[in-house]
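Hi,

Here is the structure I said I would pass on. Have a look at it first, and then read my notes underneath.

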Amino acid sequence: MKILIAVKQVAALDEDFEIREDGRDVKEEFLIRDLNEWDDYSLEEAVKIKETSSDPVEVVVVSVAAEEADESLRKCLAKGADRAIRVWDEGVEGSDPVAIARVLAAVAKSERPDMLFAGVQSSDQTFAATGIATAAFLGWPHAAVVSSLDYSPGAKSAVFRRELEGGLLHEVEIQCPAVLTIQLGINTPRYASLRSIKQAAAKPIEVKTLADLALSAGDVGEPGSHSRVRRMYIPDKGQAQLIEGDAAAQAQRLAQIIREFKGDAA
Amino acid sequence: MSRTDAVTRILFEAFPTAEVRLFYALGYTAIGIFCWGVYVQIRKYRRGAALALEGSVWSRVGDMIGNVLSHRTVDRRDHAAGGAHRLIFYGFALLFLGTATITLQYDILEPLFGIRFWQGKFYLIFSLVLDIAGVAMLGGLLYMMYRRGWMKLPKLDYARPDRSAGDPDFERPEYRREDWAFLWTLLIIGFTGYFLEAARLVWLQARPDVWDTRWWSPVGAAIAEGLGSLGLTAHGGGVLRLSLWWFHGLLALIFIALIPFTKVKHIFTASASLMVRDPLAAQRLPRVPETQTAPGVSKITDLTWKQLLNLDACTKCGRCHEACPARAVGAPLSPRDVILSLREFANATLESGTLPPAAELEVHGKSPGQVAMETLWSCRTCMACVEICPVAVEHVPIIVQMRRKLVEDGAMDPLLTKTLQTIHKTGNSFGESKRKRGAWTKVLPFKVKDARKEPVDVLWFVGDYASFDPRNQRVTQIFAALLHEAGVDFGILYDGESNAGNDVRRVGEEGLYEVLAESNISALAGATFNTIVTTDPHSYNTIRNEYPDFGGKYEIQHYTSFLKKLFADGKLEVGRPLGFRTTFHDPCHLGRFNKGYEAPRDLLRLVGCELVDMKRSRDNSFCCGAGGGRIWIPDPVGSEKPAQNRIREAAAIPGLEVYVVSCPKDLTMFEDALKTTGNEGKFVVKELIELVREAVPVRQAEALPA
């Protein structure tokens, strides 16, 4: 039995960041990297399934990323993943979620897992598309925003719950293999002690290229994407001012502003 | 031969040979049982993990003998108990040595070499000394009985804060029974000794060598006079002597045989524990050995032989129980009970011939003998228990090593998990950008040197709280201005500095501690400086005591001694004596951990403050509750916090104006506790640095933010 988990090393903003010269992203040195929070939960869900299963279950994490993501992959290994795969090629730069999903689907085809988990979304780009697009490439059933899961490895179907508006719960049965995107709060991710992270450093990370997955440069990057980032920027700030003074003075000033706004002469 | 030369101890006189033989048989049996017991105990200790002791054995033996003979550690914070124990100890030791001397002559020297010394003046003086020793011992024992039976001391109450009524090991009445049995046995041995002596005198009153020298045994002689006046005849004395002889002798033999199996063994275990004492037990925690596959203590056999010995040394005196800040506020922890639980566990599992399977050696849990995680997480690692223990039990390393196992399993408060992840990610517990570590310097009218870029005389290790906490930043800025004013050539590491790791290590996250320590040591290696100064006692402790184990050896001072020197050298001068009525809170890591009791007090006097110490001060200072990573774990709602307990203690000082602290975490904890105890407005909490600033006219007044 095997569960494949798509993970991403996301970027968080440091204080006082600056935008890159090409205007399409934040400068690298102002980014703090970490494992995407949602992926922490989907990994935990898989590891829990593995720990409670009577049959052996292999938990494999995969990321489409450059070498720097190894740090997050090691964290996954420390938390109980058995193997880690990283796919990278220069051409992947600039891929949109659909192009990334194409690569993930190729990995899934070669790994043949019984289930594929992804996070609902990544905290830095928030497209919430990669998991579902991967299912589309694989032609697998899929469900998003899973908040509770009942699945025995190898079973033909799984039952999961999703939270709907108005406090409703949605209980759904899905055929396996399937792609589920996992919501925060489905479990309590475990703590990876520094010791276990250091020990995981000794475990190998399998690095694959596009060629290994029978993909070409045209499948990824801007040629393989349906969308591209035009620019990233901080919008102009709106205006606000604090009106000071006692209640009467504040009221007088407020009335004055309203009159000015309406264009009345003072 | 003069008449007194003939005087000697009457031993087996008038004993049938069979009875003498019987006595020897019983004596050897008792010694045999004793030896077997000692073997079982040593086998138990040897089942613990290996540990190599540092330093010379002879200095350890010397220290131990000094501590045992002086009773220094037993005397502390309880002179009455110390005094009574001293009486029992010296009384018992002399009586034991006296009896051993008889054996030496009667069974060894005389039969083998014909040497006799147990006679004449020597015997008479010895007789007197032993009679006095007996009085001392009985007096001590009677006081201890009074203490147990009538004083109702809370520290002698064995009810546990980590169990509830109804749990099988809640009150442990068997301990009380053992205490009383111990006292009564010794008391009866002592009294029957005197009566035996008296009966012998009455029996042999016709013999001048016995009767004329009777007042060399004053207690026995007095009792003999009494028995005589009650009508006891010489014949009656003989009968009484024989039966008392057997009673006294058998009781003494039983006592000897039971030493290794009862609390009496503390005679040996406490001495041995004092001998293997680590003077830096809590200050410098043990590293995880390279060979250890699972970190921390999970099984009883993961404790070292020395820790297993520590468990057996405990005499339940309750001083740690009394000193523990967690116990004082009702947390489910008593250091005494952690030790006793583990001891009961070790005795149940490690005394049998074969070692039980590994699953039965797991010490984490809620069954009798196991230690619950709530108990372990209640500890503030303030060292109050280790510091006061009269027999050198080292609780804190045991608790932290057990926590290492909990951390590995992720069995901790979610907020603590988050904090550890944050520290790993950003190098500080505030989750702030590394880049902002030196941001507090921006408001200063002078530039603080970057010690990574230019050499400095003094490297200031700032620490997390002093760098990032807004209230503490104000103190940090004042300290910078004071250094500047005094013309000190100083610098900081800016974003090269990380959390020093003191508390991370005490949480039990050893891997993260190693990362932090190595990162700081490599940052320090990239700077040129002569000495380190810090305002943070936690950083001070780990850099001073623990970094050397990682190759970082530095001269480091806490700011209190550094400022004191600046005043002494005339670099700073007091212009406005303050005249406040103050009290001083000794930070655990400055006081107990590193004995920095005087410098802050000297500074307070220097700036013209009146100092009124709280009852719990210096080595008995009461932890603010923030240590051991507890600052990152919320205290249970509704229960008193240690800091509140402490502020209430200070509030009892009449006319108190300033509660003075010298630790960033203390400032945070006590300003909060001042408000939550409703003492706001009655007195204020201030950093000693702030008082110094008020007393020193700074030329660059604008250098100091308000």
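Below is what I found, going through chain A, then chain B, then the place where they touch.

One thing before you start: this is a predicted model.

**Chain A**

The main thing to find in chain A is an open sheet of 9 strands. Going across, the order is E9-E8-E7-E10-E6-E1-E4-E5-E11, and the pairing is mixed. At the edges you have E9 (169–175) and E11 (206–208), each of which pairs on one side only. If you rotate the view you can follow the twist: neighbouring strands are turned by 35° against each other on average, ignoring direction.

For a closer look at one pair, try E6 (residues 115–119) and E10 (residues 179–182) of chain A, which run parallel and are joined by 4 bridges. Ala118(A) has Thr181(A) in E10(A) as its bridge partner.

Two helices to pick out here pack on the sheet. H2 (residues 70–78) of chain A touches E4 (58–64) and E5 (83–87), and its direction makes about 160° with that of E5(A). H3 (residues 97–111) of chain A touches E1 (2–6), E4, E5 and E6, with its direction at about 150° to that of E4(A).

There is also a cis peptide bond in this chain, between Cys176(A) and Pro177(A), with omega at about -5°. To find it, go to the loop between E9 and E10 of chain A, where Pro177(A) lies.

**Chain B: the helices**

Start with H6 (residues 120–150) of chain B. How far apart should the ends of its 31 residues be, at 1.5 Å a residue? The expected span is 45 Å, and the end C-alpha atoms are indeed 45 Å apart, so the two agree. After H6(B) comes Lys152(B), which has a positive phi of about 50° although it is not a glycine. Lys152(B) sits in the loop that leads from H6 to H7 (173–203) of chain B.

Next, look at H2 (residues 17–46) and H10 (residues 234–258) of chain B. Their axes come within 7 Å and cross at roughly 20°. Angles under 35 degrees count as roughly parallel, so that is how H2(B) and H10(B) lie to each other. On the H2(B) side the contact is made by Phe23(B), Leu26(B), Gly27(B), Ala30(B), Ile33(B) and Phe34(B), and on the H10(B) side by Gly249(B), Leu253(B), Ile256(B) and Ala257(B). By class that gives 8 nonpolar, 2 polar and no charged residues.

**Chain B: the strands**

Further along chain B, 5 strands form an open sheet with parallel pairing, in the order E1-E3-E2-E4-E5. E1 (449–450) and E5 (556–558) of chain B each have a single partner strand, so one side of each is left without a neighbour in the sheet. Within this sheet's strands, E2 (residues 458–460) and E3 (residues 490–492) of chain B run parallel and are joined by 2 bridges, with Val458(B) standing opposite Phe490(B) in E3(B). H24 (residues 537–546) of chain B lies across E4 (531–534) and E5, running at about 155° to E5(B).

Then there is a run of parallel pairs among E6 to E9 of chain B:

- E6 (residues 581–584) pairs with E7 (residues 610–611) over 2 bridges; Arg581(B) has Glu610(B) as its bridge partner.
- E6(B) is also joined to E8(B), by 3 bridges; here Phe584(B) stands opposite Val660(B).
- E8 (residues 658–661) pairs with E9 (residues 684–687) over 4 bridges; Tyr659(B) stands opposite Val685(B).

Which way do the crossovers turn? The chain goes from E8(B) through H28 (residues 664–676) to E9(B), and that β-α-β crossover is right-handed. E6(B), H26 (residues 598–606) and E7(B) likewise make a right-handed β-α-β unit.

**Where the chains touch**

Finally, the interface: 10 residues of chain A are in contact with 16 residues of chain B. On the chain A side, E3 (31–35) and H5 (194–200) each supply at least two residues, and H5(A) gives the most, with 3. The chain A side divides into 3 nonpolar, 1 polar and 6 charged residues.

Cheers

Notes
Residues are numbered from 1 along each chain as its sequence is written. Chains are lettered from A and ligands numbered from 1 in the order in which they are written. This is a predicted model: local features need pLDDT of at least 70, side-chain atom pairs count only at pLDDT 80 or more; totals for chains, interfaces and linings use all residues. Two residues are in contact if their C-beta atoms, placed from the backbone, lie within 7 Å. Ala, Val, Leu, Ile, Met, Phe, Trp, Tyr, Cys and Pro count as nonpolar, Asp, Glu, Lys and Arg as charged, and the others, Gly among them, as polar. The expected span of a helix is 1.5 Å times one less than its number of residues. Two strands pair if DSSP finds at least two bridges between them. A crossover is right-handed if, with the strands pointing away from the viewer, the path from the first strand over the helix to the second runs clockwise. Axes are lines fitted to C-alpha atoms, for helices over the stretch in contact, and angles run from 0 to 180 degrees between N-to-C directions. Angles under 35 degrees count as roughly parallel, over 145 as roughly antiparallel, 65 to 115 as roughly perpendicular and the rest as oblique.
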